[in-house]
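Colleague: Could you take me through this one, and tell me how each label was earned?

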Amino acid sequence: AAYPAPVGLATAPGFVTPPIPGGSCVGGITVENGFTLIAATGTAGTAFFDLPITGSSTPVYVIPALRPNPTFVNSVATDAAGALYVADAEAGTISAYAPPLLSATAPAFQITGVNQPAQLAFDLGGSLFVAACGSNQILRFDPPFSSTSVPALTFALPGAAQCPHGIAFDASGDLFVAARNVNAVYVYAPPFSQTSEPSYSIVGAFSLLAAPESLAFDNVGRLFVANGSGATSSVLVFRPPFSANSIPANILQGVTTPNGLAVGP
């Protein structure tokens with residue numbers, strides 16, 4: 001589903017693309033180089049779309065999901081060099097694909113043993129942060145990455161089984177974490193450590209958060225939250241400055257159980 005700019009007081013998508021062949025539960029999406037949208041598509045793999053997206057857009061290329069099952073591609077991110085990192089929640093892996101991506105079929109390497117990896121995000125130093133829903137932790141992997149990479153840092157959310165699912169950095173380097181199971185967004189200020197605690201949290205009835213899945217910032221610092229399922233399905237838009245009392249400035253509706261989201265150029 002695409003909401004055309006400016007994303008002001010929109011209440012419904014401008015258009016919705018056709019279903020992705022062989023896919024199930026479209027997950028994380030990202031935009032690379034300003035002209036390619038990359039989508040995690042569950043059992044189908046990783047799909048590439050040419051921008052601008054339209055109501056008839058279909059993938060120009062698909063990297064198939066790795067077999068054997070279980071496999072479920074659910075999040076994607078690209079680093080500064082253009083390499084693609086793909087999280088598989090069921091297999092507990094993060095696969096790294098080297099460019100050129102439109103001819104990639106197999107990963108250059110895999111990072112294994114991650115407990116239900118969800119959204120991925122890179123900080124300005126090139127470290128890879130992973131929301132590990134199953135272990136209730138945020139993991140940080142430092143470059144150079146390889147099949148033997150292990151977390152250089154882990155810290156847990158402030159409570160059991162909260163399922164960190166969405167993560168994103170704002171312009172100042174603060175880390176925002178969506179805790180799906182407790183309807184909260186936690187904000188962590190650097191430097192991060194094993195004992196990091198949230199500076200504050202966006203939570204409560206007035207936040208309208210309900211099973212938040214993923215996060216993204218636009219170029220003016222607004223926070224977008226893929227929110228909820230069923231009657232609560234929407235994308236919440238919060239305007240800075242953020243605080244424990246933040247409430248949505250707009251609600252983008254017309255989507256069912258949104259998962260991944262990205263703000264395009």
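Modeller: Let's start with Pro-52, which sits in the loop between strand 3 (45–50) and strand 4 (61–64); strands (E, at least two residues) and helices (H or I, at least four) are DSSP runs, numbered from the N terminus. Keep in mind that this is a predicted model, where local features need pLDDT of at least 70 and side-chain atom pairs count only at pLDDT 80 or more, while totals for chains, interfaces and linings use all residues. Residues are numbered from 1 along each chain as its sequence is written, and side-chain values use heavy atoms, with hydrogens and water left out.

Colleague: What makes the bond between Leu-51 and Pro-52 cis?

Modeller: Omega there is about 5 degrees. The peptide bond from Pro-190 to Pro-191 is cis too, with omega near 0 degrees, and Pro-191 belongs to the loop between strand 15 (184–188) and strand 16 (200–203). Most peptide bonds are trans.

Colleague: Why are Cys-133 and Cys-163 called a disulfide?

Modeller: A disulfide is a pair of cysteine sulfur atoms within 2.5 Å. The sulfurs of Cys-133 and Cys-163 are 2.0 Å apart, so the pair passes. The two cysteines come from distant parts of the chain, 30 residues apart: Cys-133 in the loop between strand 10 (128–132) and strand 11 (137–141), Cys-163 in the loop between strand 12 and strand 13. The torsion about their S-S bond is about -110 degrees, so this disulfide is left-handed.

Colleague: And why does Cys-25 have no such bond?

Modeller: Its closest cysteine sulfur, in Cys-163, is 13 Å away, and that is too far for a bond. By this rule the count comes to one disulfide.

Colleague: Why is Asp-88 called buried?

Modeller: Buried means under 20% relative accessible area, exposed means over 50%, and partly exposed is in between (1.4 Å probe, protein chains only). Asp-88, in strand 6 (residues 84–88), has 7%, so it counts as buried. Asn-74 in strand 5 has 10%, so Asn-74 is buried as well. Cys-25, by contrast, has 49%, so that residue is partly exposed.

Colleague: How do you know that Asn-74 makes a polar contact with Pro-117?

Modeller: A polar contact is a pair of N or O atoms within 3.5 Å; within protein, one must be able to donate a hydrogen and the other to accept it, and residues adjacent in sequence count only if both atoms are side-chain atoms. The side chain of Asn-74 reaches the backbone oxygen of Pro-117 at 2.9 Å, so the distance fits. A polar atom of the Asp-88 side chain lies 3.1 Å from the backbone nitrogen of Glu-90, which fits the cut-off too.

Colleague: Which residues does Asp-88 touch, apart from those up to four places away in sequence?

Modeller: Contact means heavy atoms within 4.5 Å, and the partners of Asp-88 include Thr-71, Asn-74 and Pro-117.

Colleague: What makes the phi of Ala-211 worth a look?

Modeller: Most residues other than glycine have a negative phi. For Ala-211, phi is near 55 degrees, a positive value. Ala-211 is in the loop between strand 16 and strand 17, and at 24% relative accessibility it counts as partly exposed. Thr-257, in the segment after strand 20 (250–252), also has a positive phi, of about 50 degrees, without being a glycine.
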